[in-house]
Amino acid sequence: MTNEQKFIAEFEAWVTSQVAINELAMTASQKVVDEDGDDRAREAVIRYESRLDAYGFLLGKFDNFKAGKSFHDLPEGLFDQIKY
């Protein structure tokens, strides 16, 4: 395995772990919002959701890489997803 391949594999694993961590944190923050109505937790939910969108975009780039597409090609279905 070349250094580039190792880097890409490790970076993808890191992004995947960040998705899991941020999903857990967002769920915990949403629970605090639902129970206490804490504004700081509400803002945290928004930050975690923004990070998840960015990490999801990166994971789409990894999928493109595996499919042999260019880095600048958009991930499949990117414009089909609308999240508010």
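A residue is called buried here when its relative accessible area is under 20%, exposed when that value is over 50%, and partly exposed in between. With that cut-off in hand, the tour can begin on what is a predicted model.

**The whole chain**

Show the full chain as a cartoon before selecting anything: the protein holds two helices and zero strands, and buried residues account for 23% of its 84 residues. If contacts are drawn between residues at least 6 apart in sequence, 49% of them join residues that are at least 24 apart.

**First selection: helix α1**

Select residues 3-36, which form α1. This helix of 34 residues extends 48 Å from its first C-alpha to its last, close to the 50 Å expected at 1.5 Å a residue. Now colour its buried residues, which are E12, V15, Q18, V19, N22, A25, S29 and V33. When reading such a pattern, recall that an α-helix has 3.6 residues a turn, so residues three or four places apart point the same way. Bring α2 into view as well, since α2 is included in what covers the buried residues of α1.

**Second selection: E12 and F11**

Zoom in on E12, a residue of helix α1. E12 counts as buried because its relative accessible area is 18%, which falls under the 20% cut-off. Beyond its neighbours within four places in sequence, E12 is in contact with L59, F62 and K66.

Then move to F11, also found in helix α1. F11 has 31% relative accessibility and therefore counts as partly exposed. Setting aside neighbours within four places in sequence, the contacts of F11 are with L58 and F62. A distance drawn between the C-alpha atoms of F11 and F62 should read 9.6 Å, although 51 residues separate the two in sequence.

**Third selection: the link and helix α2**

Follow the chain past the end of α1, where G37 adopts a positive phi of about 70°. Next comes D38, which caps the N-terminal end of α2 with a side-chain oxygen lying 3.0 Å from the backbone nitrogen of R40.

Select residues 39-66 for α2 itself. Its 28 residues reach 41 Å from first C-alpha to last, close to the 40 Å expected at 1.5 Å a residue. The buried residues to colour in this helix are A41, A44, V45, Y48, L52, Y55, G60, K61, F62 and N64, and the buried residues of α2 pack against α1. Beyond the helix, G68 can be picked out by its positive phi, near 80°.

**Last selection: the second largest pocket**

Finally, turn on a surface and look for the second largest pocket, whose volume is about 160 Å³. Which residues line the second largest pocket? The lining consists of I8, F11, L58, K61, F62, N64, F65, K69, S70 and F71. Both α1 and α2 give two or more residues to this lining, and the largest share, five residues, comes from α2. Coloured by type, the lining residues divide into six nonpolar, two polar and two charged.

Leave F11 highlighted as the view closes, for F11 belongs to this lining, as do L58 and F62, the residues with which F11 is in contact once its neighbours within four places in sequence are left aside. K61 and N64 also belong to the lining, and both are buried residues of α2.

Note on methods. Residues numbered from 1 in each chain as written. Heavy atoms only, no water. 1 Å grid on protein atoms, 1.4 Å probe; cavity = no way out; pocket = protein on both sides within 12 Å on 5 of 7 lines; lining within 4 Å. Points joined across faces, edges and corners; volume = space filled by probe spheres on them. Helix = DSSP H or I, 4+ residues; strand = E, 2+ residues; numbered from the N terminus. Nonpolar A, V, L, I, M, F, W, Y, C, P; charged D, E, K, R; others polar. Expected span 1.5 Å × (residues − 1). Buried < 20%, exposed > 50% of the residue type's maximum accessible area, 1.4 Å probe, protein only. Contact = heavy atoms within 4.5 Å. Polar contact = N/O pair within 3.5 Å; in protein donor to acceptor, adjacent residues only side chain to side chain.
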